[in-house]
Amino acid sequence: MSQGGGVGDVDRAVGYVLKQAATVLRGAMDTALRPLGLTVSQYATLELLDQRPGSSVAELARAAFVTRQAMTGVLAGLQDAGWVSRPAVAPQGRALPATVTDEGRRRLREASAAVTEVQERMLAGLTPDRRERLLADLQACVAALDPGA
């Protein structure tokens with residue numbers, strides 16, 4: 001029994017179980033991506049750049065759930081590996097738009113396959129209808145707390 005009006009049994013608190021799922025997912029993704037020489041943040045950045053070319057550092061940072069400073073480091077690492085290219089001089093303003101290189105796309109295909117396998121293991125016990133419902137419910141949760149999402 002909860003004391004002081006707390007959330008009750010944490011194993012039955014949606015926020016706690018959601019965080020637990022996110023943590024376990026992150027760990028499984030780390031394990032799957034490590035042999036490819038990628039971190040989850042690097043993989044997410046490659047995926048985002050491939051799907052949203054021309055994204056700013058700030059946009060990438062928000063979408064990858066890291067700070068702008070951390071994203072600058074992620075991009076530098078990807079550029080050093082030859083998976084992302086950035087112009088030496090900004091075409092306009094100060095932004096240096098990053099693009100995924102051919103080698104980066106090859107690495108991204110491998111990483112996407114590894115991440116898809118992790119996601120399939122996570123969702124294996126759910127029917128296609130339950131998967132769609134889970135996605136819709138999670139999107140509703142996001143929208144309830146972040147109307148701009």
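This report walks through the fold, the main pocket, the salt bridges and a few individual residues of the structure above.

**The overall picture**

Keep in mind that this is a predicted model. The protein has 6 helices and 2 strands. Reading from the N terminus, the elements go α-α-α-α-β-β-α-α, with the two strands following one another in the middle of that order. The protein counts 149 residues, and 26% of them are buried.

**The largest pocket**

If you're hunting for empty space, start with the largest pocket, which has a volume of about 1,800 Å³. It is lined by 36 residues, and those closest to its centre are Leu25, Met29, Phe65, Gln119 and Leu138.

Which helices each supply at least two residues of the lining? They are H1 (14–33), H2 (40–51), H3 (57–64), H5 (102–123) and H6 (128–145). H6 gives the largest share, with 9 residues. As for chemistry, the lining has 23 nonpolar, 5 polar and 8 charged residues.

Phe65, one of the residues closest to the pocket centre, deserves a second look. Phe65 sits in the loop between H3 and helix H4 (68–80). Its phi is near 65°, a positive value in a residue other than glycine. Is Phe65 buried or exposed? With a relative accessibility of 75%, Phe65 counts as exposed, because the cut-off for that class is over 50%.

**Salt bridges**

How many salt bridges does a search of the whole structure find? The count is 7. Here are three of them, with the N to O distance for each.

| Acidic residue | Basic residue | N to O distance |
|---|---|---|
| Asp50 | Arg105 | 3.1 Å |
| Glu110 | Arg107 | 3.5 Å |
| Glu117 | Arg121 | 3.0 Å |

Take the bridge between Asp50 and Arg105. Asp50 belongs to helix H2 and Arg105 to helix H5, so this pair ties together parts that are 55 residues apart in sequence. Both partners are partly exposed: Asp50 has a relative accessible area of 32%, and Arg105 has one of 33%.

The bridge between Glu110 and Arg107 stays inside one element. Both residues lie in helix H5, 3 residues apart, or about one turn of the helix. Here the two ends fall into separate burial classes. Glu110 is partly exposed, at 41% relative accessibility, whereas Arg107 is buried, with a relative accessible area of 19%. Arg107 makes it into the buried class because the limit there is under 20%.

Helix H5 also holds the pair Arg121 and Glu117, which are 4 residues apart and so separated by about one helical turn. Their closest N and O atoms are 3.0 Å apart. Arg121 is exposed, with a relative accessible area of 52%, while Glu117 counts as partly exposed at 41% relative accessibility.

**A nonpolar patch on the surface**

Over on the surface, Val7, Val10, Tyr16 and Val17 make a nonpolar patch of about 350 Å². Val10 is found in the segment before H1. With a relative accessible area of 38%, Val10 is partly exposed, so Val10 clears the mark of over 30% that patch residues need.

**Contacts across the sequence**

Two alanines are handy for seeing how distant parts of the chain are placed in space.

Ala98 is located in the loop between strand S1 (84–85) and strand S2 (99–100). Its C-alpha is 7.4 Å from that of Leu49, although the two residues are 49 residues apart in sequence. Is Ala98 buried or exposed? At 3% relative accessibility, Ala98 counts as buried.

Ala28 lies in helix H1. What separates its C-alpha from the C-alpha of Met122? The gap is 9.5 Å, for residues 94 apart along the chain. Ala28 counts as partly exposed, with 22% relative accessibility.

**Pulling it together**

For a quick tour on screen, begin at Phe65, an exposed residue in the loop between H3 and H4 that is among those closest to the centre of the largest pocket. From there, follow H6, the source of the largest share of the pocket lining. Then move to H5, which also supplies lining residues and holds both the Glu110–Arg107 pair and the Arg121–Glu117 pair. Finish at Arg105, where the bridge to Asp50 links H5 with H2.

How values were computed:
Residues numbered from 1 in each chain as written. Predicted model: local features only at pLDDT ≥ 70, side-chain atom pairs only at ≥ 80, totals over all residues. Heavy atoms only, no water. 1 Å grid on protein atoms, 1.4 Å probe; cavity = no way out; pocket = protein on both sides within 12 Å on 5 of 7 lines; lining within 4 Å. Points joined across faces, edges and corners; volume = space filled by probe spheres on them. Nonpolar A, V, L, I, M, F, W, Y, C, P; charged D, E, K, R; others polar. Patch = residues over 30% accessible without salt bridge, like charges linked within 9 Å, V, L, I, M, F, W, Y side chains within 5 Å. Areas by Shrake-Rupley, 256 points an atom, 1.4 Å probe, with all protein chains shown as cover. Salt bridge = Lys/Arg side-chain N within 4 Å of Asp/Glu carboxyl O. Buried < 20%, exposed > 50% of the residue type's maximum accessible area, 1.4 Å probe, protein only.
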